[in-house]
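Trainee: I have a new structure to look at and I'd like to practise reading it. Could we go through it together, one question at a time?

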Amino acid sequence: NVCAGQYNYSMALSPPGTKGMALLPTGIAGVVYRPRFIHPLVFNQSFRSAAETGDDITFRFATLLQGTPVFVANRSNRLGDQGEIAGANLQQINNAKNGHANTWMLRKTAQWLGAAGFCNQLKRTPG
């Protein structure tokens, strides 16, 4: 249960073609969402501040509220590669010590959602 603070971020990559609700897409220039897939809560400054530098976390929780699953694309379909983009400092910060920074931001954002009464709205299935 994410809102109970039991989620731990994993840096393990999911294979192409994987689809699910429990996936957290992170990266540089490779996560694409249609506006209708994102809950309007994403515009709440307090919500966005909970994840600090983890915008991927903010967007993923906002898409969970809409019931939007994640689909892992083939590498050839991705918009960019981490090695191709200079200055990957934010990625290094968020994935420091095997993703512990992302775990901390996930838990902090989940606590914010719980305090704001949104946890019961998180979708575990698409739709």
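Trainee: Which element of the protein chain has the lowest mean pLDDT, and which the highest?

Mentor: First, a bit of background: this is a predicted model, where local features need pLDDT of at least 70, side-chain atom pairs count only at pLDDT 80 or more, and totals for chains, interfaces and linings use all residues. Residues are numbered from 1 along each chain as its sequence is written, and side-chain values use heavy atoms, with hydrogens and water left out. pLDDT is the predictor's confidence in each residue, from 0 to 100. Among the elements, the lowest mean, 56, belongs to helix α3 (residues 89-94), and the highest, 93, to α1.

Trainee: And what is the mean pLDDT of the protein chain?

Mentor: Residues 81-88 stay under 50, and the model has 5 contacts for them beyond four places in sequence; contact means heavy atoms within 4.5 Å. Of the chain's residues, 68% reach 70 or more, and the mean is 77.

Trainee: In what order do the elements run from the N terminus on?

Mentor: Helices (H or I, at least four residues) and strands (E, at least two) are DSSP runs, numbered from the N terminus. The chain has 4 helices and 2 strands. Read from the N terminus, the order is β-α-α-β-α-α.

Trainee: Among contacts between residues at least 6 apart in sequence, what share joins residues at least 24 apart?

Mentor: Let's take an example first: Thr-58 sits in helix α2 and touches Val-42, Phe-47, Arg-48 and Ala-51, not counting residues up to four places away in sequence. For the whole chain, with contacts between residues at least 6 apart, the share joining residues at least 24 apart is 79%.

Trainee: Is helix α2 largely enclosed or not, and how many of its residues are buried?

Mentor: Buried means under 20% relative accessible area, exposed over 50%, and partly exposed in between (1.4 Å probe, protein chains only). Thr-58, with a relative accessible area of 3%, is one buried residue, and the buried residues of α2 also include Asp-56, Arg-60 and Leu-64. The helix is largely enclosed by the rest of the structure, because the buried count is 9 of the 12 residues.

Trainee: How far apart are the end C-alpha atoms of α2?

Mentor: The expected span of a helix is 1.5 Å times one less than its number of residues. For the 12 residues of α2 that gives 16 Å, which agrees with the distance in the model, 17 Å.

Trainee: Which element gives the most to the largest nonpolar core?

Mentor: A nonpolar core is a set of buried Ala, Val, Leu, Ile, Met, Phe, Trp, Tyr and Cys residues joined through side-chain atoms within 4.5 Å. The largest one here has 19 residues, and Leu-41, Phe-47, Ile-57, Phe-61, Leu-65, Leu-113 and Leu-122 touch the most other members. At least two residues come from each of α2 and α4. With 5 residues, the element that gives the most is α2.

Trainee: Which residues does Thr-109 touch, leaving out those up to four places away in sequence?

Mentor: Thr-109 is in helix α4 and is buried, with a relative accessible area of 0%. Beyond four places in sequence, the residues touched by Thr-109 are Phe-47, Ala-50, Ala-51, Ile-57 and Phe-61.

Trainee: How many aromatic pairs are there, and is the pair of Tyr-33 and Phe-59 stacked or not?

Mentor: Rings of Phe, Tyr and Trp (its six-membered ring) pair if their centres lie within 6.5 Å; planes under 30 degrees apart count as stacked, over 60 as edge-to-face and the rest as tilted. The whole structure has 3 aromatic pairs. For Tyr-33 and Phe-59, the centres are 6.1 Å apart and the planes at 10°, so this pair is stacked.

Trainee: Which residues do ring pairs link into a cluster?

Mentor: Phe-47 and Trp-112 form a tilted pair, 5.4 Å centre to centre with 55° between the planes. Phe-47 is in helix α1 and Trp-112 in helix α4 (residues 96-115), 65 residues apart. Phe-47 counts as buried, at 0% relative accessibility. The cluster linked by ring pairs is Phe-47, Trp-112 and Phe-118.

Trainee: Last one: which residue has a positive phi of about 50° although it is not a glycine?

Mentor: Most residues other than glycine have a negative phi. The residue to look for is in the loop between α1 and α2 and counts as partly exposed, at 48% relative accessibility. The residue with that positive phi is Glu-52.
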